[in-house]
Amino acid sequence: MEDNLKEKTAKGLLWGGLNSGVQQLVGMASGIILGRLLAPSDYGMMAMISIFSLVATTLQDSGFRTALTNLRNPRPEDYNSVFWFNIVMGVSLYALLFACAPLIGQFYHNDRVVPLCRYAFLSIVLASLGTAQSAWLFRHLRAKQQAQAAAVAVVASNIVGIGMAIMGMAYWALATQGLVYVGINTLCQWHFSPWRPSLHGISMRPVRRMFGFSSKILATSIMTNVNNNVLNITLGHYFSDHDTGNYNQASQWNTKCYSLVQSMVAQVAQPVLAGLDGDGRRQLEVFRKMMRFTAFVSFPLLLGFGLVAKEFITLALTDKWEESAGLIQILCVSGAVSPLATLCSNMIISKGKSGTFFWCTFTLGAALTCMTLCLWPLGIRSMVIGFVTLNTAWLCVWLWFVRRLSGYTYGMFLHDVMPYALAAGAVMAAVHVATASIESMWLLLLTRTMLAAACYAAVMWLKNETMLGECVAFLRKSRKKK
């Protein structure tokens, strides 16, 4: 059983990594093309309304995917109840936001936002059709199928978005890209999931039974979306769509990097940890290994991207996005920590403590909101620094709750994480100093990238790091099986 769990977890991480890798590579290519074709104000328009779509989609999902995963033996009627509930919620929320679109336009002092809202928010209805199928795949650790669905969706949606941008359709290209992604991903989830809804004996009793747990997940997810977009909301209200677009571009590239790690771990963390809830010792061992793996990948990836952000943005997106490069270098600090915080939250959820998860996230959101309202007169850079500082420091709060629930101490955390954080930080600092005299941007980008990767790998090898050895051994084993 232990070997089977280890194999499932490793495969989940592998396919989660491939899923994130494909999405981020395709997203990087399309991001470069779209960044060259579109103006900062186009990204600013989408950034202003993204929070409403995210919150509505979260309301439609209502936390039932997580609730179904936490059930010991979910029945077909449980999935059926969730499916029909989500459709009703999705349609109702779209109708509400359709009517409220003029109010959103008034808040941002921009009438062009109104038709854009009504078009982009159709993704809420499309997403409502696939929640139960997504829950089934997630519950059964079908990471490979989820990866394939996301890969098809991201490729198709980016092709459509780029085509419309070439035709001069500005921010409508970004809105359509989002709609196509959600629609195709939903269709693929239907293809891979064997479960099908039924009109026979529809009952909302399973939904009501799960609502006590799922409602806290729902409220937490809403607060997480608000937390992640608090600067987009504030900038859209107090600054121009051009300024909002510059920050949004920086935020998107930072998210592309840390999502590569975060999505990989999130695919397996909650179902695996929930499955081990009856064995505290084994659960803690698995959690610590996940923490080490996350730190092993996250710190060099994010700090490395911060190292080359200026050269990458200038060469890939042209000088019009130069302001974004400086913001990326700041955001990469919290980006490196974000996957660790997500892993801690998964441990809390696996223990059934959705209330703890909610209050921790809610308090962070309240603190971030107060901070942005206090700092906006000082300018965008000060707001971003405050945002990064608070999010990074909040990891200590997550760890405090994890310690109470699982016995994972601060000393264990420092032992698991700090070797990778210090090694990555030292390598990036050394590479920055060693390459500072290079004048050619292309040469500087290539040199810093290759030298940083080689030095980090060398440090891990000289330390005889077990995580490096385990990753290499698993990849070799996978190749032999093929």
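# Exercises on a predicted model

Thr 318 is partly exposed, with a relative accessible area of 27%. The model behind these exercises is predicted.

## Exercise 1. Backbone at two loop residues

Locate Thr 318 and Ala 170, and state the sign of phi for Thr 318 and for Ala 170.

Solution.
1. Thr 318 belongs to the loop between H13 and H14.
2. Its phi is positive, about 80°, although Thr 318 is not a glycine.
3. Ala 170 belongs to the loop between helix H8 (143-166) and H9.
4. The phi of Ala 170 is also positive, near 50°, again in a residue other than glycine.
5. For background, most residues other than glycine have a negative phi.
6. Ala 170 has a relative accessible area of 21%, so it counts as partly exposed, the buried class being under 20%.

## Exercise 2. Two aromatic pairs

How many aromatic pairs does the structure hold? Classify the pair of Tyr 43 and Trp 321, then the pair of Phe 239 and Trp 376, and assign each ring to its element.

Solution.
1. The structure holds 18 aromatic pairs.
2. For Tyr 43 and Trp 321, the centres are 5.4 Å apart and the planes stand at 90°. Planes over 60 degrees apart count as edge-to-face, so this pair is edge-to-face.
3. Tyr 43 is in helix H2 (residues 40-61), while Trp 321 is in the loop between helix H13 (280-317) and helix H14 (322-350). The two residues are 278 residues apart, and the pair links distant parts of the chain.
4. Tyr 43 is buried at 3% relative accessibility, and Trp 321 is buried at 0%.
5. Phe 239 and Trp 376 are also edge-to-face, with 6.5 Å centre to centre and 90° between the planes.
6. Phe 239 is in the loop between helix H10 (205-238) and helix H11 (241-266), and Trp 376 is in the loop between helix H15 (354-375) and helix H16 (380-393). This pair links distant parts of the chain, 137 residues apart.
7. Phe 239 is partly exposed at 22%, and Trp 376 is partly exposed at 29%.

## Exercise 3. Other ring arrangements

Which residues form a cluster with Phe 83 through ring pairs? Which residue lies over the face of Phe 98, and which has its charged end over the ring of Trp 253?

Solution.
1. Ring pairs join Phe 83 with Trp 84 and Trp 190 in a cluster.
2. Arg 118 lies over the face of Phe 98, 4.3 Å from the ring centre.
3. Lys 256 has its charged end over the ring of Trp 253, at 5.2 Å from the centre.

## Exercise 4. Packing of H5 and H9

Determine the relative orientation of helix H5 (residues 113-120) and helix H9 (residues 171-192), and list the contact residues.

Solution.
1. The two helices, H5 and H9, pack at about 20°, with axes 10 Å apart.
2. Angles under 35 degrees count as roughly parallel, so H5 is roughly parallel to H9.
3. The crossing of H5 past H9 is right-handed.
4. H5 contributes Pro 115, Leu 116, Tyr 119 and Ala 120 to the contact; H9 contributes Tyr 171, Trp 172, Ala 175, Thr 176 and Leu 179.

Extension: is Ser 193 buried or exposed?
5. Ser 193 is in the loop between H9 and H10. Its relative accessibility is 1%, so Ser 193 is buried.
6. Apart from neighbours within four places in sequence, Ser 193 contacts Gln 133, Trp 136 and Leu 137.

## Exercise 5. H14, H16 and Tyr 247

Give the packing geometry of H14 and H16, then describe the surroundings of Tyr 247 in helix H11.

Solution.
1. H14 and H16 pack at an angle of about 10°, their axes 8 Å apart. They are therefore roughly parallel to each other.
2. On the H14 side, contact residues include Leu 327 and Leu 331; on the H16 side, they include Ile 380, Val 384 and Phe 387.
3. Tyr 247, in helix H11, is buried at 1% relative accessibility.
4. Beyond four places in sequence, Tyr 247 touches Leu 231, Asn 232, Leu 235, Leu 327, Leu 331, Val 384 and Phe 387.
5. The C-alpha atoms of Tyr 247 and Ile 380 are 8.2 Å apart in space, with their positions 133 residues apart in sequence.

How values were computed
Residues are numbered from 1 along each chain as its sequence is written. This is a predicted model: local features need pLDDT of at least 70, side-chain atom pairs count only at pLDDT 80 or more; totals for chains, interfaces and linings use all residues. Side-chain values use heavy atoms; hydrogens and water are left out. Rings of Phe, Tyr and Trp (its six-membered ring) pair if their centres lie within 6.5 Å; planes under 30 degrees apart count as stacked, over 60 as edge-to-face and the rest as tilted. Helices (H or I, at least four residues) and strands (E, at least two) are DSSP runs, numbered from the N terminus. Buried means under 20% relative accessible area, exposed over 50%, partly exposed in between (1.4 Å probe, protein chains only). A charge sits over a ring if NZ of Lys or CZ of Arg is within 6 Å of the ring centre and within 35 degrees of the ring normal. Axes are lines fitted to C-alpha atoms, for helices over the stretch in contact, and angles run from 0 to 180 degrees between N-to-C directions. Angles under 35 degrees count as roughly parallel, over 145 as roughly antiparallel, 65 to 115 as roughly perpendicular and the rest as oblique. A crossing is left-handed if the near helix is turned anticlockwise from the far one by less than a right angle, and right-handed if clockwise. Contact means heavy atoms within 4.5 Å.
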